[in-house]
Amino acid sequence: MSQPAVSFEFFPPRNLDQSFRLWDTARALAPLAPDFVSVTYGAGGTTRQLTHEAVTALASHYGLNVAAHLTCVDATREQTLQIVADYAAAGVHEIVALRGDAPQGHERFTPHADGFASSVELIAAIAERGDMTIRCGTYPEPHPDSADSAADVAWLKRKVDAGASSAITQFFFDADTFFRFRDACAAAGIDAPILPGILPIQSWAGARRFAERCGTSVPQWAEEAFAGAGREGEAALALEVCVRLCEQLVAGGVDRLHFYTLNKPELVLKVCAALGIHPNGDLSDVA
Ligand code: FAD
């Protein structure tokens, strides 16, 4: 089986302890030579400055290709595009462009009066600059705001037409969920790469909560397996489940995997090792 390319999502640290954790995570995973790493943008834009600092530090210290997440929430168009301009000035040329979730105090996403109304508008505006690689999010199971899966496919087509050159999926448990979506996208004429978002399960309780929030269905087999494994068996099962999912994806033609690391490198390293992806180099020259 050929080895897939990998990429990693991090979140920006909010305190010194988390800073060390991000640093250790990047140091552990950088030798796997990821295609890119990405740094999330806190709900409601709450980590605007922290995301910028994490993105530029990762790019300059590790020489990583870093994609900065950016949402439309609670900001004017001008403010949002200024963030993109600041990244460009700092030498960062990849953005994961998202609509984002409902601003505080709202049940549904509500655009800022002078802000971007959708991810498509944001992508189109960034694309106009002509100097950014734009990635977007996508949903192999219906997003809570979408009528059905066909609506998510149609919306992804609009994002790609607006300028997104690849899409990263929400996490899912079964490889078939991804394959069905990938095939529907291909049938709709979407030729941009779709990277499966893989969540190594650091905690079953946490993964279930996260799934509920974002509309990922939890299959019966997973409920039963994790209930049966108990706390002592959870880590071994999480590794087995993640490796199996990745192997099935690769066997089905997937050539790149995007890992939601939660800034915890150990399980990701073990999964990658099982897939034959090993660290290749030392970091003695890291500044
Ligand atoms: P969109 O794809 O624009 O919308 C989601 C779905 O809603 C669409 O597929 C479509 O079916 C429907 N829809 C939305 N608008 C319209 C419209 N105008 N017309 C028709 N249909 C529409 N959140 C953060 O706050 N920070 C992050 O860093 C972050 N990173 C993420 C990374 C990835 C890879 C993913 C998948 C999600 C991430 N999120 C993040 C979560 C994301 O902000 C939420 O899922 C949000 O609700 C949708 O954002 P989006 O850009 O994916 O939405």
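Visitor: Hi! Which residues in α3 do Arg48, Thr51, His52 and Val55 in α2 meet?
Guide: Hello! In this predicted model, those α2 residues meet Gln79, Ile83, Asp86 and Tyr87 in α3.

Visitor: What kinds of residues are in that contact of α2 with α3, nonpolar, polar or charged?
Guide: A mix: three are nonpolar, three are polar and two are charged.

Visitor: At what angle do the axes of α2 and α3 cross?
Guide: Roughly 15°, and the axes come within 11 Å. Angles under 35 degrees count as roughly parallel, so α2 is roughly parallel to α3. Their crossing is right-handed.

Visitor: Cool. Now helix α6, how does it pack with helix α8?
Guide: Helix α6 covers residues 175-187 and helix α8 covers residues 220-251. They pack at an angle of about 30°, with their axes 9 Å apart. That angle makes α6 roughly parallel to α8.

Visitor: Which residues make the contact there?
Guide: From α6 you have Ala175, Phe178 and Phe179, and from α8 Leu245, Gln248 and Leu249. Five of the contact residues are nonpolar, one is polar and none is charged.

Visitor: Changing topic: which residues come nearest to the ligand?
Guide: There are 22 residues around the ligand, and Asp101, Ser119, Tyr139, Asp152 and Lys159 come nearest.

Visitor: What does the side chain of Ser119 have 2.5 Å from the ligand?
Guide: An N or O atom of that Ser119 side chain is 2.5 Å from an oxygen atom of the ligand. For Lys159, a side-chain N or O atom is 2.6 Å from a ligand oxygen atom.

Visitor: And which atom of the ligand is 2.6 Å from Tyr41?
Guide: A nitrogen atom, and its partner is a polar backbone atom of Tyr41.

Definitions and conventions
Residues numbered from 1 in each chain as written. Predicted model: local features only at pLDDT ≥ 70, side-chain atom pairs only at ≥ 80, totals over all residues. Heavy atoms only, no water. Axes fitted to C-alpha atoms, helices over the stretch in contact; angles between N-to-C directions. Helix = DSSP H or I, 4+ residues; strand = E, 2+ residues; numbered from the N terminus. Parallel < 35°, antiparallel > 145°, perpendicular 65-115°, else oblique. Contact = heavy atoms within 4.5 Å. Nonpolar A, V, L, I, M, F, W, Y, C, P; charged D, E, K, R; others polar. Near = heavy atom within 4 Å. Polar contact = N/O pair within 3.5 Å; in protein donor to acceptor, adjacent residues only side chain to side chain. Left-handed = near helix turned anticlockwise from the far one by under 90°.
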